[in-house]
Amino acid sequence: MLIWDKTAETMPRDRLRKVQFDRLKHILGYASEKVPFYRESLKRHGITPRSLTSMDDLSLIPFTNKADMQASYPYDMFAIPLEDVVRIHSSSGTTGKPTVVGYSRNDLNVWSDLIARLLTAGGVTRKDIVQIAFGYGLFTGGFGLHYGVEKIGATVIPVSSGNTDRQLMIMKDFHSTALVCTPSYALYLSEALEEAHMRPEDLRLRVGLFGAEPWTENMRREIEKKLRISATDNYGLSEVMGPGVSMECLCKNGMHINEDHFIAEIIDPETGNVLPYGETGELVITTLTKEAIPVIRYRTRDIASLIDTPCDCGRTFIRMTKPQGRTDDMLIIRGVNVFPSQIETVLIEIEETDPHYQLVITREGAMDELEIRVEVNESFFSDEMKKMREIEEKIRQKVRNALGISAHIKLVEPKSIERSIGKAKRVIDMRAFHQGAP
Ligand code: DLL
């Protein structure tokens, strides 16, 4: 299996620990010198680079959270003058003000190098023709992946997101061999292919590198089957860089974290205590080399666990599991904690449905009601009410067995749930509306 930067990616763990510790001390000094927010918060906690005696002291350093990033809007977290910032991206800002992130020249070099690692891990080589169907713009997906493709010397087709017919035409006519987009869009493209009476054999697609939203193993199987490709997952977030924080190799058993540039920890989201490897909690990330915006112990709100068993690919970096969702996406339905991805896992196993669904939560009096809208597969779709009711009942029971909640199931016609060209919107929570809205 190919590895982009063998020296870094297969570094013995004791050496890696030392690199991390030295870089951590450096970044603490740098952040407190250049960013008033860190100067104050580290001083309040009595933390200086010298006070750190080992990596275990990491847990003494205060967290940074989304609200801190938002309060610094637009540029207060920047550690370098604007004239040295060569690129700006930003998060979508669906919850409040967007977070603005900047990159120095060196940050962009590191970023494209980490994307080169990601692409190589997913099976892309300089011979590939890579179709990027992530949006090019403030979102980090398009431009983020782009420069890594150029770095490895593959051919990049910067189609950007949307215009599905054109995506398919380009995929076929330009002989794309690798597809880069969100997993939900990959699935949508596979359907559109069928509708256009094209077959995967008409394309040269070989691999898919998907990320930016949660997806399940079942969804991977579905996409791999429909597009006849090998699909890998990759993870990142704008606040700490964008894509390239972690990526799967072809062993597909967790995403290797680029540990020479990031420290990952898992904490209990309630107490903030650090949890051991293997336990599930909130992922916290510290950047070790970012110049424009160093980020220390950032609470990502993503729920995952860390895996430190060796991987067959030879990389020594630990892996993170697929994030199940975010602490703020977790639904509490009549006191039971549920992640949309758990419901997806149940739905995908039911052959009569397709993996397109929406969860609608309402409140009747004091009771939360969950409605699962899911598309029936074309071949099972029928006018016969009885048949449809039987499928609904089957799903209801499976959801109850797996998650311990009872849900109302609504089968909907094939292709009736809106498809997304970027991150899919699965949850419609009407409870706030019922409760307080005038
Ligand atoms: O989504 C960066 C990215 C672009 C990653 C392209 C991978 C590929 P944001 O828009 O800031 O950045 O959203 C970050 O998306 O905190 C997770 O909740 C979610 N997310 C990203 N990748 C994955 C993944 C980009 N592979 C937020 N699995 C993160 C699950 C993911 N969730």
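Reader: How many nonpolar, polar and charged residues make up the shell around the ligand?

Author: Good place to begin. Sorting a shell by class tells you what kinds of side chain surround the bound molecule. In this predicted model, the shell around the ligand holds eight nonpolar, six polar and five charged residues.

Reader: Which residues of that shell come nearest to the ligand?

Author: The shell has 19 residues, and N234, S238, D302, R326 and K423 come nearest. Keep R326 in mind, since we will meet R326 again in two other places.

Reader: Which element gives the largest share of the shell around the ligand?

Author: Here you map the shell back onto the secondary structure. Strand β7 gives the largest share, with five residues. Two elements to look for in the viewer are α6, residues 140-152, and β7, residues 230-237, each of which supplies at least two residues of the shell.

Reader: Which polar side-chain atoms lie by nitrogen or oxygen atoms of the ligand, and at what distances?

Author: For this, you look at pairs of polar atoms and read off the distance. D233 places a polar side-chain atom 2.8 Å from a nitrogen atom of the ligand. R326 has a polar side-chain atom 2.7 Å from an oxygen atom of the ligand. The backbone takes part in this list as well: a polar backbone atom of E213 is 3.2 Å from a ligand nitrogen.

Reader: And how much of the ligand's exposed area does the protein bury?

Author: Compare the ligand on its own with the ligand in place. Taken alone, the ligand exposes 610 Å², and the protein buries 94% of that.

Reader: Let's move to pockets. What is the volume of the second largest pocket?

Author: The general idea is friendly enough: rolling a probe the size of a water molecule over the atoms shows where empty space is left. In this model, the second largest pocket has a volume of about 320 Å³. Of the 18 residues lining that pocket, R17, A264, E265, V274 and Y277 are the closest to its centre.

Reader: Which element supplies the largest share of that pocket's lining, and what is the lining's make-up by class?

Author: Strand β10 supplies the largest share of the lining, four residues. Helix α2 (13-34) and strand β10 (262-267) each contribute at least two residues to the lining. By class, the lining has 11 nonpolar, two polar and five charged residues.

Reader: Now some single residues. Is S160 buried or exposed?

Author: Relative accessibility answers this, with buried meaning under 20%. S160 is at 18%, so S160 counts as buried. S160 sits in the loop between β4 (155-157) and α7 (164-173). A polar atom of the S160 side chain lies 3.0 Å from the backbone nitrogen of Y136. The backbone of S160 also deserves a look: its phi is near 70 degrees, a positive value in a residue other than glycine.

Reader: Which other residue has a positive phi although it is not a glycine?

Author: Try H175, with a phi of about 60 degrees. H175 lies in the loop between α7 and β5 (178-181). At 33% relative accessibility, H175 counts as partly exposed.

Reader: While we are on the backbone, where is a cis peptide bond?

Author: Omega is the angle to check. A cis peptide bond joins Y73 and P74, where omega is about -10 degrees. P74 belongs to the loop between α4 (66-71) and β1 (87-90).

Reader: What separates the C-alpha atoms of E282 and R326?

Author: Such pairs let you compare separation along the chain with separation in space. E282 and R326 are 44 residues apart along the chain, and their C-alpha atoms are separated by 8.2 Å. E282 is in strand β11, residues 281-287, and counts as buried at 2% relative accessibility. R326, you will recall, is among the residues that come nearest to the ligand.

Another pair to try is C311 and C249, which are 62 residues apart in sequence and 9.2 Å apart in space, C-alpha to C-alpha. C311 lies in the loop between β13 (306-307) and β14 (319-320), and its 9% relative accessibility makes C311 buried.

Reader: One last case: which side chain makes a polar contact with the side chain of D368?

Author: The partner is R431, at 3.3 Å. D368 is placed in strand β19, residues 367-376. With 7% relative accessibility, D368 counts as buried.

Notes
Residues numbered from 1 in each chain as written. Predicted model: local features only at pLDDT ≥ 70, side-chain atom pairs only at ≥ 80, totals over all residues. Heavy atoms only, no water. Near = heavy atom within 4 Å. Polar contact = N/O pair within 3.5 Å; in protein donor to acceptor, adjacent residues only side chain to side chain. Areas by Shrake-Rupley, 256 points an atom, 1.4 Å probe, with all protein chains shown as cover. Nonpolar A, V, L, I, M, F, W, Y, C, P; charged D, E, K, R; others polar. 1 Å grid on protein atoms, 1.4 Å probe; cavity = no way out; pocket = protein on both sides within 12 Å on 5 of 7 lines; lining within 4 Å. Points joined across faces, edges and corners; volume = space filled by probe spheres on them. Buried < 20%, exposed > 50% of the residue type's maximum accessible area, 1.4 Å probe, protein only.
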